[in-house]
Amino acid sequence: MLIQNVIPYIMNKFELPTLPYAYNALEPHFDEETMIIHHQRHHQAYVDNLNKAIETNQSLEQIMPQVSKLSPAIRNNGGGHYNHSLFWKILSPSAKTEPTGKLADEINSTFGSLDKLKEEINKAGVTQFGSGWAWLYVKYNGTIAITATANQDNPLMDTQLTDRGLPILGVDVWEHAYYLKYRNKRADYLDAFWSVLDWEAVERNYEEALAKIK
Ligand code: MN3
């Protein structure tokens, strides 16, 4: 009996990351109940279903760029695990509210201002039809850009015909991310997102992305 309990555990390569803050830490912007369900049920389900579908020992970063050759279950659940892991890491109850340094300069030269960037990401999120994500990502030429993807796709995936690169900021616009508190008002949820987005984490992602494409 024991071995049957041990083997599935060993085969579970991917694990739900622990949140670096309490479920109620992002109140009142992101409510506790949504955070609990989003993390413990939605993200956990992506992890569990990815573990059932996975056939390789590769990392998520290795899987994403060749996802077109793999099963839809790996695309959907691998994307779900990757996207949510990034999402939790860029949120914080003590969020740094503005970027500084090189990323701030890049945002100003690309979009004109931080407010303009927020406007563009909000627009990408609101106009994404159905479920998906809005992204700020680093293109392989080192510039930054905004896009939106459907379902659990992301700019790393080779299923993306355009807008490919390394995500540094992602905002979940699936209804499960906001419906309990914001009902059908996705725009209000996107406005609230900026209050809990930690620009320090985005800056770290930006530096890491630049180092990877060098
Ligand atoms: Mn989600």
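**Figure 1. Aspartate 163 is partly exposed, because its relative accessibility is 31%.** Welcome to the first close-up of this predicted model. Aspartate 163 sits in the loop that runs between strand 2 and strand 3. Have a look at its backbone: phi is near 55°, a positive value in a residue other than glycine.

**Figure 2. Asparagine 151 is found in the loop between strand 2 (144-150) and strand 3 (165-172).** Here, too, the backbone deserves a look, as phi of asparagine 151 is near 55°, which is positive although the residue is not glycine. Is asparagine 151 buried, partly exposed or exposed? With a relative accessibility of 41%, asparagine 151 counts as partly exposed.

**Figure 3. A cis peptide bond joins glutamate 27 to proline 28.** Omega of this bond is near 0°. To find your way around the view, look for the loop between helix 1 (2-11) and helix 2 (32-53), where proline 28 lies.

**Figure 4. Four side chains, those of His38, His84, Asp172 and His176, coordinate the manganese ion.** The histidines His38, His84 and His176 each offer NE2, while Asp172 offers OD. These donors stand at 1.9 to 2.2 Å from the manganese ion. Along the chain, the donors of the manganese ion follow the spacing H-x45-H-x87-D-x3-H. Which parts of the chain do histidine 84 and histidine 176 tie together? Histidine 84 belongs to helix 4 (residues 72-89) and histidine 176 to the loop between strand 3 and helix 7 (179-182), so the pair ties together parts that are 92 residues apart in sequence. Histidine 84 counts as buried, because its relative accessibility is 0%. Histidine 176 counts as buried as well, at 18% relative accessibility, since the cut-off for buried is under 20%.

**Figure 5. Strands 2, 1 and 3 form an open sheet.** The sheet has 3 strands in the order 2-1-3, and their pairing is antiparallel. Where are its edges? Strand 2 and strand 3 are the edge strands, each of them pairing on one side only. On average, neighbouring strands of this sheet are turned by 30° against each other, direction ignored. Moving in on one pair, you can follow strand 1 (residues 132-139) alongside strand 2, the two being joined in the antiparallel sense over 7 bridges. A handy landmark here is tryptophan 133, which stands opposite threonine 149 in strand 2.

**Figure 6. Leu169, Phe193 and Trp199 touch the most other members of the largest nonpolar core.** This core holds 59 residues. As a reminder for this view, nonpolar side chains tend to be buried together in soluble globular proteins. What surrounds tryptophan 199, leaving aside its neighbours within four places in sequence? Tryptophan 199 is in contact with Lys96, Thr97, Glu98, Pro99, Leu103, Ile107, Leu114, Leu117, Leu169 and Trp194. Leu169 therefore appears twice in this story, as one of the residues touching the most other core members and as a contact of tryptophan 199.

**Figure 7. Aspartate 153 and arginine 75 meet in a salt bridge.** Their side chains are 2.8 Å apart, N to O. Aspartate 153 lies in the loop between strand 2 and strand 3, whereas arginine 75 lies in helix 4, so the pair ties together parts that are 78 residues apart in sequence. Aspartate 153 counts as buried, because its relative accessibility is 8%. Arginine 75, at 29% relative accessibility, counts as partly exposed. In the model as a whole, the count comes to 4 salt bridges.

**Figure 8. Lys116, Glu119 and Glu120 are linked in a network of salt bridges.** Let us take the links one at a time. Glutamate 119 forms a salt bridge with lysine 116, with the closest N and O atoms 3.2 Å apart. These two residues both lie in helix 6 (residues 114-127), 3 residues apart, about one turn of the helix. Glutamate 120 meets lysine 116 in a salt bridge too, at 3.6 Å from N to O. Glutamate 120 and lysine 116, likewise both in helix 6, are 4 residues apart, again about one turn of the helix. How exposed are the partners? Glutamate 119 is partly exposed, with a relative accessible area of 47%. Lysine 116 counts as partly exposed at 33% relative accessibility. Glutamate 120, with a relative accessible area of 27%, is partly exposed as well.

Conventions
Residues are numbered from 1 along each chain as its sequence is written. This is a predicted model: local features need pLDDT of at least 70, side-chain atom pairs count only at pLDDT 80 or more; totals for chains, interfaces and linings use all residues. Side-chain values use heavy atoms; hydrogens and water are left out. Buried means under 20% relative accessible area, exposed over 50%, partly exposed in between (1.4 Å probe, protein chains only). Donors are N, O and S atoms within 2.8 Å of the metal (3.2 Å for Na, K and Ca); water is not among the atoms, so sites may look incomplete. A nonpolar core is a set of buried Ala, Val, Leu, Ile, Met, Phe, Trp, Tyr and Cys residues joined through side-chain atoms within 4.5 Å. Contact means heavy atoms within 4.5 Å. Two strands pair if DSSP finds at least two bridges between them. Axes are lines fitted to C-alpha atoms, for helices over the stretch in contact, and angles run from 0 to 180 degrees between N-to-C directions.
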